[in-house]
Amino acid sequence: MDPKSRDPQTLARACAERMYSEDYASQALGIRILDVAPGCARLAMRVREDMVNGHGICHGGFVFALADSAFAFACNTYDAVTVAAGGVIDFLAPVPAGEELTASAREQSRSRRTGVYDVTVCNQRGEYIALFRGRSHQLDGRLLEDH
């Protein structure tokens, strides 16, 4: 099916499936896609023992990676190759091994080449763990092209 003939939700899902098929970093971290919609994505990851730092809590880089992946999936829901131009995170609470984290990304602004996305990271009790803001830049090319 021609990507242009798909409804926005179907297109968003096809883009996420395409990206995830070659996103070996997210796969290796055990990140799972829970939901995707135009400009939005919700991903989850269980904090493993090998993700814990010397303080006995999840290393911030893994929390950042989860948030960054949610951001990436959200800004690539339009079949346009889009990459990060920048991202910042605020860590709000520590996370022990075994916790299930969910990152929810939502588009705040999108223009022809740039976008701004906010991501909340929560634990399984719905407590905020981190807040992430990403800036995107759209490149030439399509995700679903030739696939």
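Begin the tour by selecting phenylalanine 91, whose bridge partner in strand 6 is alanine 130. Before moving on, note that this is a predicted model, in which local features need pLDDT of at least 70 and side-chain atom pairs count only at pLDDT 80 or more, while totals for chains, interfaces and linings use all residues. Residues are numbered from 1 along each chain as its sequence is written, and side-chain values use heavy atoms, with hydrogens and water left out.

**The sheet**

Widen the selection to strand 3 and strand 6, which pair in the antiparallel sense over nine bridges; here two strands pair if DSSP finds at least two bridges between them, and the elements themselves are DSSP runs numbered from the N terminus, with helices (H or I) of at least four residues and strands (E) of at least two. Now show the whole open sheet, in which six strands follow the order 1-2-4-5-6-3 with antiparallel pairing. Strand 1 (32–37) and strand 3 stand at the edges with a single partner strand each, so one side of each is left without a neighbour in the sheet. On average, and with direction ignored, neighbouring strands of this sheet are turned by 20° against each other, where axes are lines fitted to C-alpha atoms, for helices over the stretch in contact, and angles run from 0 to 180 degrees between N-to-C directions.

Add helix 3, which packs on the sheet and touches strand 1, strand 2, strand 3, strand 4, strand 5 and strand 6, a contact being heavy atoms within 4.5 Å. The direction of helix 3 makes about 150° with that of strand 2.

Next, colour strand 2 and strand 4, which run antiparallel and are joined by seven bridges; within strand 4, threonine 102 stands opposite alanine 44. Strand 4 also pairs with strand 5 in the antiparallel sense, over eight bridges, and glutamate 107 stands opposite tyrosine 117 in strand 5. A hairpin through three residues joins strand 4 to strand 5.

**The loop at arginine 113**

Follow that connection to arginine 113, which is found in the loop between strand 4 (100–110) and strand 5 (114–122). Arginine 113 is partly exposed, with a relative accessible area of 27%; on this scale buried means under 20%, exposed over 50%, and partly exposed in between, with a 1.4 Å probe and protein chains only. Leaving aside neighbours within four places in sequence, arginine 113 is in contact with Ser136, His137, Gln138, Leu139 and Asp140. Two distances can be drawn here: a polar atom of the arginine 113 side chain lies 2.7 Å from the backbone oxygen of glutamine 138, and a polar contact of 2.8 Å joins the side chains of arginine 113 and aspartate 140. A polar contact is a pair of N or O atoms within 3.5 Å; within protein, one must be able to donate a hydrogen and the other to accept it, and residues adjacent in sequence count only if both atoms are side-chain atoms.

**The nonpolar core**

Now select the largest nonpolar core, which has 36 residues, those with the most contacts inside it being Leu43, Met45, Val63, Leu66, Leu101, Val119 and Val121. Such a core is a set of buried Ala, Val, Leu, Ile, Met, Phe, Trp, Tyr and Cys residues joined through side-chain atoms within 4.5 Å. Helix 3 gives the largest share of this core, eight residues. For a closer view, take valine 121, whose contacts beyond four places in sequence include Val63, Leu66, Leu101 and Ile129.

**Asparagine 76 and the cysteines**

Move to asparagine 76, in the loop between helix 3 (60–75) and strand 3 (82–91). Asparagine 76 is buried, with a relative accessible area of 4%, and a polar atom of its side chain lies 2.9 Å from the backbone nitrogen of threonine 82. Not counting residues up to four places away in sequence, asparagine 76 touches Cys15, Met19, Val81, Thr82 and Leu143.

Finally, select the cysteines: with a disulfide taken as a pair of cysteine sulfur atoms within 2.5 Å, the count comes to zero. The sulfur of cysteine 40 is 12 Å from the closest cysteine sulfur, in cysteine 75, too far for a bond. Cysteine 75 is in no disulfide either, the nearest cysteine sulfur, that of cysteine 15, being 11 Å away. Cysteine 40 is buried at a relative accessible area of 17%, and cysteine 75 is buried at 3%.
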